[in-house]
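Okay, thanks everyone for coming. I'll walk you through one structure today, and you can follow along on the screen.

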Amino acid sequence: MIAGRRRIAARLGIAALNLLAPGAGLLRVGRGRLGTFLLLVPIASLLATLLLFAAQPDLSFAALMILVGLVAAGTLVPLIWSVLATLLGSGHRQEPRPRYARWYVVAGVAVAFIAAADLLVLSLHRFYKPFYLPSEAMAPTLLKNDRIVAAMRPPDSLWRGEVILFRVGPFTYVKRIAGLSGDRIALKGGIVFLNGALVPQVYEREEPNVSAYGPPRVRRLREAFPGERGSHEIFDAETVREDDYPETLVAPGHLFVLGDNRDNSADSRVSRDEGGVEQLPIGDVVGRPLYYTYGPSHRFGQPVNPR
């Protein structure tokens, strides 16, 4: 039974409920089936993506973007649909009102939707997670404010030259593996020596310093650690204390990591008391960067580690 016509302000307010949970406004106006369907579509898309993430530990960039696009569509389409359907269907009040249309039921459904969506998003980040670089410590490989996507699984295997993510206390860092357990590593004049052998550095060019510290120009060099998949570039800015590091044995179950911006990186050459990493327990490795997304490197979709 129609009980009266709603004012436009009331209709807009009910339509706005869909911003909390797609379909919530439809529940409020008594369209239970459509509201429930639109409420479940985003949850179903997140759940399906979670199952695919769990099954595929190393998705290609294209597959990852397709899944992200499907999740976005699975959220935006129900949202737009529910807002429009609510505006069109809320012109008149209906009595008696169904139980599910009462405000406290709608509020409870919205809270439950938000909690479920947040839980699923957190679960997605257990497998793949976006990051941004807040410093220049990994330049020129990763520039400050670069955005990347990382696989959040402790790697099954590790190799020299690989860029990894690891956690020290509450913070997540990114560095490059220079030495594995059992390696003897030293630096002399900024050049790495592994197990007594020099790691060659090839001069590429001179360019402006991306860091606010140090000289205005730096040297870009290319090096490759034994066993590395390909090679990587580093910056050499000036002579610093960390250019010389006495030969050290990498302890069992540990890694020796370096930043690519060698003169502006607090890494395994620096103690934790001084803000560095020291030798890194392998158990602190939480994942590896996969792809650039956007940022000053302009390498959208390219892998961070050679594949």
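When I say that two residues touch, I mean that they have heavy atoms within 4.5 Å of each other. And keep in mind that this is a predicted model.

With that in hand, let's start at Q279. Which residues does Q279 touch, leaving aside those up to four places away in sequence? The list is T248, L249, V250, A251, H254, L255, F256 and S268. Q279 itself lies in the loop between β14, residues 254–258, and β15, residues 280–281. Two of those neighbours also come up as polar contacts to the backbone. A polar atom of the Q279 side chain lies 3.1 Å from the backbone oxygen of L249, and the backbone nitrogen of A251 is 2.8 Å from a polar atom of that side chain.

Now the sheet. There's an open sheet of seven strands, and the order goes β3-β4-β16-β5-β6-β14-β15, with antiparallel pairing. Why is one side of β3 and of β15 left without a neighbour in the sheet? Because β3, residues 128–132, and β15 stand at the edges, and each has a single partner strand. Further in, β5, residues 163–168, pairs with β6, residues 171–179, over six bridges in the antiparallel sense. If you want one pair to look for there, R167 has T172 in β6 as its bridge partner.

Next, a run of little hairpins. Strand β7 covers residues 184–188 and β8 covers 191–194, and the two pair antiparallel over four bridges. They make a hairpin with two residues between them, and in the turn G189 has a positive phi of about 60°. Then β8 goes on to pair with β9, residues 197–198, again in the antiparallel sense, over two bridges. That hairpin has two residues between the strands as well, and here N195 takes a positive phi near 50°. The residue to click on is F193: F193 is the bridge partner of A186, and F193 also stands opposite L198 in β9.

On to charges. Side chains of opposite charge can pair when their charged atoms come close. How many salt bridges does the structure hold? The count is 17, and I'll show you three.

Two of them involve R222. In one, R222 meets E204, at 3.2 Å from N to O. R222 is in strand β11, residues 217–223, while E204 is in strand β10, residues 201–208, so to speak a link between distant parts of the chain, 18 residues apart. As for accessibility, R222 is partly exposed at 29% relative accessible area, and E204 is partly exposed too, at 32%.The other one is R222 with E233, and there the N to O distance is 2.8 Å. That pair links distant parts of the chain too, with E233 in strand β12, residues 232–236, eleven residues from R222. Is E233 buried or exposed? E233 is buried, with a relative accessible area of 15%.

The third salt bridge is R262 with E223, whose closest N and O atoms are 2.4 Å apart. R262 sits in the loop between β14 and β15 and E223 sits in strand β11, so the pair ties together parts that are 39 residues apart in sequence. Both partners are buried: R262 has a relative accessible area of 4%, and E223 has 1%. Going back to R222, salt bridges that share partners join E204, R205, E207, R220, R222 and E233 into one network.

Last stop, the nonpolar residues. In soluble globular proteins, nonpolar side chains tend to be buried together. The largest nonpolar core here has 25 residues, and the ones with the most contacts inside it are A21, L46, F53, L59, L64 and Y128. Several elements give two or more residues to this core, among them α3 (32–55), α4 (61–89), β4 (147–151) and β16 (285–292). Which element gives the most? That's α5, with six residues.

Y128 is a nice one to zoom in on. Not counting residues up to four places away in sequence, the residues that Y128 touches include F53, L59, L64, A150, M152 and L290. There's also a second, separate core of 13 residues, which includes F131, I148, V174 and V304.

That's my tour, so over to you for questions.

Terms used
Residues are numbered from 1 along each chain as its sequence is written. This is a predicted model: local features need pLDDT of at least 70, side-chain atom pairs count only at pLDDT 80 or more; totals for chains, interfaces and linings use all residues. Side-chain values use heavy atoms; hydrogens and water are left out. Two strands pair if DSSP finds at least two bridges between them. A polar contact is a pair of N or O atoms within 3.5 Å; within protein, one must be able to donate a hydrogen and the other to accept it, and residues adjacent in sequence count only if both atoms are side-chain atoms. A salt bridge is a side-chain nitrogen of Lys or Arg within 4 Å of a carboxyl oxygen of Asp or Glu. Buried means under 20% relative accessible area, exposed over 50%, partly exposed in between (1.4 Å probe, protein chains only). A nonpolar core is a set of buried Ala, Val, Leu, Ile, Met, Phe, Trp, Tyr and Cys residues joined through side-chain atoms within 4.5 Å.
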